[in-house]
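Work through the exercises below with the structure open beside you, and try each task before reading its solution.

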Amino acid sequence: LSTLLAGTAYADQPKPKPTQTHPATQTQLPREPMPNIIEVLPSGVPKDEKKRCPQWEPKFRQHGLPVKTFSYIAWRESRCRIRAHNTTLNRNKSHDLGVVQINSSWKTVTSQICKAPYGDMTVLFKIDCNLKVAKYLYDNGGLGHWSL
């Protein structure tokens, strides 16, 4: 019990003020650099670096998407073209738009996320809107939205 109380008494004492005898309290230590994150590619993503969209990789990182995976998805879906538009109707009569080919059935999500009028899917031709919706889909269903 006396050991416990002694620790409590020590913890209650005021911290020393910075002085010449306590130089560590005067300076800030440099921060450690953030570690590089190693991305494990899903089985459906080839290792072939030619099947990527490196010009969009900073944007994938900015939007919190797995960079190499979405770099491949963008290559596979649009060949890296932000204005790609698959006008061939899907089974449900929808179509796909933008660099990662967001399906037109996501009207409500697109409208809310991109602050666009309901039904205006042309906003998906803007990279930030396209990737914000992609991030929503990725967070709510994963890579299955892109058959990976």
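## Exercise 1: The surroundings of one lysine

Task: Find which residues Lys 59 is in contact with, leaving aside its neighbours within four places in sequence, and then state how exposed Lys 59 is.

Solution: Leaving aside neighbours within four places in sequence, the residues in contact with Lys 59 are Ile 127, Asp 128 and Leu 131. Bear in mind that this is a predicted model. The next step is to place the residue, and Lys 59 turns out to lie in helix 2, which covers residues 57-62. Its relative accessible area is 21%, and since a residue counts as buried only under 20% and as exposed over 50%, Lys 59 is therefore partly exposed. As a last step, take Ser 71, which is 12 residues away from Lys 59 along the chain, and the C-alpha atoms of the two prove to be separated by 9.9 Å.

## Exercise 2: The chain as a whole

Task: Describe the order of the elements from the N terminus on, and say what share of the residues is buried.

Solution: Begin with the count, which gives five helices and three strands for the protein chain. Read from the N terminus on, these elements follow the order α-α-α-β-β-β-α-α. Turning to burial, 34% of the 148 residues in the protein chain are buried, while the accessible surface comes to about 10400 Å², with 56% of it belonging to carbon and sulfur atoms. Finally, of the contacts between residues at least 6 apart in sequence, 49% join residues that are at least 24 apart.

## Exercise 3: Two helices that pack together

Task: Determine how helix 4 is oriented towards helix 5, and which residues meet where the two helices touch.

Solution: Helix 4 spans residues 107-114 and helix 5 spans residues 127-139, and the two pack at an angle of about 120 degrees with their axes 10 Å apart. Because of this angle, helix 4 is oblique to helix 5. The crossing in which helix 4 passes helix 5 is right-handed.

From helix 4 come Val 109, Thr 110, Ile 113 and Cys 114, which meet Cys 129, Lys 132, Val 133 and Tyr 136 of helix 5. Sorted by class, this contact holds six nonpolar residues, one polar residue and one charged residue.

To finish, look at burial within helix 4, where Val 109, Thr 110, Ser 111 and Cys 114 are the buried residues, and these buried residues pack against helix 5. Just after helix 4 comes Lys 115, which takes a positive phi of about 55 degrees.

Key
Residues are numbered from 1 along each chain as its sequence is written. This is a predicted model: local features need pLDDT of at least 70, side-chain atom pairs count only at pLDDT 80 or more; totals for chains, interfaces and linings use all residues. Side-chain values use heavy atoms; hydrogens and water are left out. Axes are lines fitted to C-alpha atoms, for helices over the stretch in contact, and angles run from 0 to 180 degrees between N-to-C directions. Helices (H or I, at least four residues) and strands (E, at least two) are DSSP runs, numbered from the N terminus. Angles under 35 degrees count as roughly parallel, over 145 as roughly antiparallel, 65 to 115 as roughly perpendicular and the rest as oblique. A crossing is left-handed if the near helix is turned anticlockwise from the far one by less than a right angle, and right-handed if clockwise. Contact means heavy atoms within 4.5 Å. Ala, Val, Leu, Ile, Met, Phe, Trp, Tyr, Cys and Pro count as nonpolar, Asp, Glu, Lys and Arg as charged, and the others, Gly among them, as polar. Buried means under 20% relative accessible area, exposed over 50%, partly exposed in between (1.4 Å probe, protein chains only). Accessible areas come from the Shrake-Rupley method with a 1.4 Å probe; for residues, only the protein chains shown count as cover.
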